[in-house]
Amino acid sequence: MAQVLRKAPLLHPCFNREYSSVSHISFIARKTALISIYDNECTHSYSVRKLPVPNICHKLYPVPSVRHFSTNIKAGSICCEGSSYPHLLRKLEVALKDHRVDEAWETYSDIRNLYGFPHQSLMRRLIIELSYSSAPHCLQRACDLVFSVLEEKSDILRPDFLIKLALSLARAEMPVPASMILRTMLEREILPPVTILRLVFLHMVRTDIGTYLASNILVELCDRFQHSSMNRSAFANLIKPDTMMFNLVLDACVKFGSSFKGQQIMELMAHAGVVADAHSIIIISRIHEMNCQRDELKKFKDHIDQVSLPLIHHYRQFYNSLLSLYFKFNDVDAASELILDIYRGNESVRSRKNRLDPQKPFLVPIGSHNLRTGLKIQILPELLQKDFVLKMETKEELFMHKNGKVVLTNKGIARLMIQYKRSGRISELSKLLIRIQKVGSMKEGSLCSDVVDACINLGWLETAHDILDDMELAGSPLATSSYISLLTAYAERKMFREAEALLKQIRKAGLVVNISDEMSLSDIDYKVILSHKRISVDSKSDLAESFIREMKKEERVVPSMVYELNSSIYFFWKAKMAGDALKTFKKMQEMRIQPTAQTFFNMVSGYSSLEMHREITMLWGDIKRNIENGTLVVNQDLCEFLLLNFLRGGYFERVMEAIGYMKEQGMYIDKWMLKIEFLKLHKGLYRNLKASNARTDAQSKRIEHVRSFKKWVGIH
């Protein structure tokens, strides 16, 4: 019952305008008013304090080179030969007034090439005009112009300029320049109101690249928030992300299959002390399902079981994810108990424990329960925010909502049946079906009849007969049609001994009154049998079709032992039990069980938490061998995490290897993040040392790798 989360735009009075639908008069009036405002002194600012602007933006993403505002002249082709400075200024002013953006840009280029930057008021108006355009090339020009101005450390850029430009770029699905503007604002300690920041994130996460960038920006926001909080800075209150921002990013991680990134964001949510609401819990359950973390998801169940009845419909996805994990781990007993809990809940009013403070969040541990200092995420299962930007759309998977009750879908029944049949526990399946029938959720035992008919359609006649016998012994016999269906199937397959036994059973129960005791199976007219409206064997039921689909998937199922070992590795690392984690990983290799991407991600995460970067480089060798053997597919989440750890440890040869692999696979690489990390940890590394001055060959190679990395990210 996977849920697709559909985006509904947040509205803000400052920026709520659709480019294509606003009338020309309204468009001109709005921009003219904004231009007039910025021509005067701006008294309002979101800035707490102004920091020096790093030149990272300009060097990462080349923009036209800039000198000084009004003095330097650069050689170049000029469109209007012999044009005087006042004439060009007048031409630019008229083009801006008439909203001729392309002409204004050409005139601005002439002025800059001849005289440097024009007057500040014209620069402001040009940036505003470009920012209001819906054309990508105009928005890119606005971005280039902003970074050209930032090179001069000019004061003409008001916070509102950057806010509007970031939102426009995000709306135009230009996440890379949008992220550059946001990061520049963060460096200058200037951020828009939270409502606008949500809007920017909402548009950025529409694409996979935008999702990666939004995730990394969210990490940077939290890092700065924690640093500012420790220093008791007033900036901390402005940059703390809220629940909705986390939900936007987490949902996008699920949408684009970035489950490892989603896990990191979820743990970041716990570190930042942001409370997870009902929407967060649903998204987190999907992330745990994708990462096959059954034990982590089970920790939420006791809290979810206490929610009020109206919220049960909302939490179907949570129970779907939990049941799916029970099936993956081949834990049929836990799956059966969960199904019974759901059906019991349909027939009774849920009892909620009295809480002294219902608004006080629950604490759910991440990893081991026993660690006092372990990480815990705060959750409020009853908090379902009405103004949430993600509106839930349900897709039925294992559970569905029918007639006001949560019941199994055909897919859920098929998965359950396959689990029991694989383990040879049909009698226990019958007991489960009887218990479900007794709680009153299904009238006339329709669930049991559907299962029997599906077994007959699939040719599982012995299984169908066993269920019929079990139901009869329990005092809950099925309808006549199920017996007749099985009897006819026996006859058609010439299984006369089984048919005779079933016929005696039918006569004893008095289910078929128009078959006399003296008649043998060979004397029975098939028309009599068919008159009892059995389901035709040739006509597959919907449930039988679900069985067939799920059985085909079973052929590609990963052995449950892999999930068990991965869970153990994850648990040991979270409990800081590195030795046990390594033993489990070696045990996996000794058992010749192929490690998965989840296995290596857990190992890298564990090493990284203890800053064991050298061990990660050794693990990289195992990963490369598995990739070359075709037994492992490494996703972008794992590659980025490896790359970041290589950089932190100063292993630049491995850094360049990882970059090369990501390039070969067409993966996006966040250069900005890597550059900031390098400047934070290795800013002065080999600044004045050349390869020719190296004492050893190893040092010479390292210098070359460092220089290659610095050149690649744009550090000069």
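**Exercise 1. Work out how covered helix α16 is.**

Solution. α16 is mostly covered, with twelve of its 13 residues buried (under 20% relative accessible area, with over 50% being exposed and anything in between partly exposed, using a 1.4 Å probe and protein chains only). Among the buried ones are R316, F318, Y319 and L325. Next, the length: α16 covers residues 316-328 and reaches 18 Å from its first C-alpha to its last, close to the 18 Å expected at 1.5 Å a residue. After α16 comes N330, whose phi is positive, near 60°.

Before going on: this is a predicted model, where local features need pLDDT of at least 70 and side-chain atom pairs count only at pLDDT 80 or more, while totals for chains, interfaces and linings use all residues. Residues are numbered from 1 along each chain as its sequence is written, and side-chain values use heavy atoms, leaving out hydrogens and water.

**Exercise 2. Find how α6 and α8 are arranged, and what lies between them.**

Solution. Start with the angle: α6 (residues 136-151) and α8 (residues 175-187) pack at about 30°, their axes 10 Å apart. That makes the two roughly parallel (angles under 35 degrees). Now the contact (heavy atoms within 4.5 Å): Q140, C143, V146, F147 and L150 of α6 meet P177, M180, I181 and T184 of α8. Sorted by type, that's seven nonpolar, two polar and no charged.

**Exercise 3. Do the same for α26 and α28.**

Solution. α26 (residues 560-574) and α28 (residues 597-609) pack at about 10°, with axes 9 Å apart, so they too are roughly parallel. Residues in the contact include W573 of α26 and Y607 of α28. The tally here is five nonpolar, five polar and no charged.

Terms used
Helix = DSSP H or I, 4+ residues; strand = E, 2+ residues; numbered from the N terminus. Expected span 1.5 Å × (residues − 1). Axes fitted to C-alpha atoms, helices over the stretch in contact; angles between N-to-C directions. Parallel < 35°, antiparallel > 145°, perpendicular 65-115°, else oblique. Nonpolar A, V, L, I, M, F, W, Y, C, P; charged D, E, K, R; others polar.
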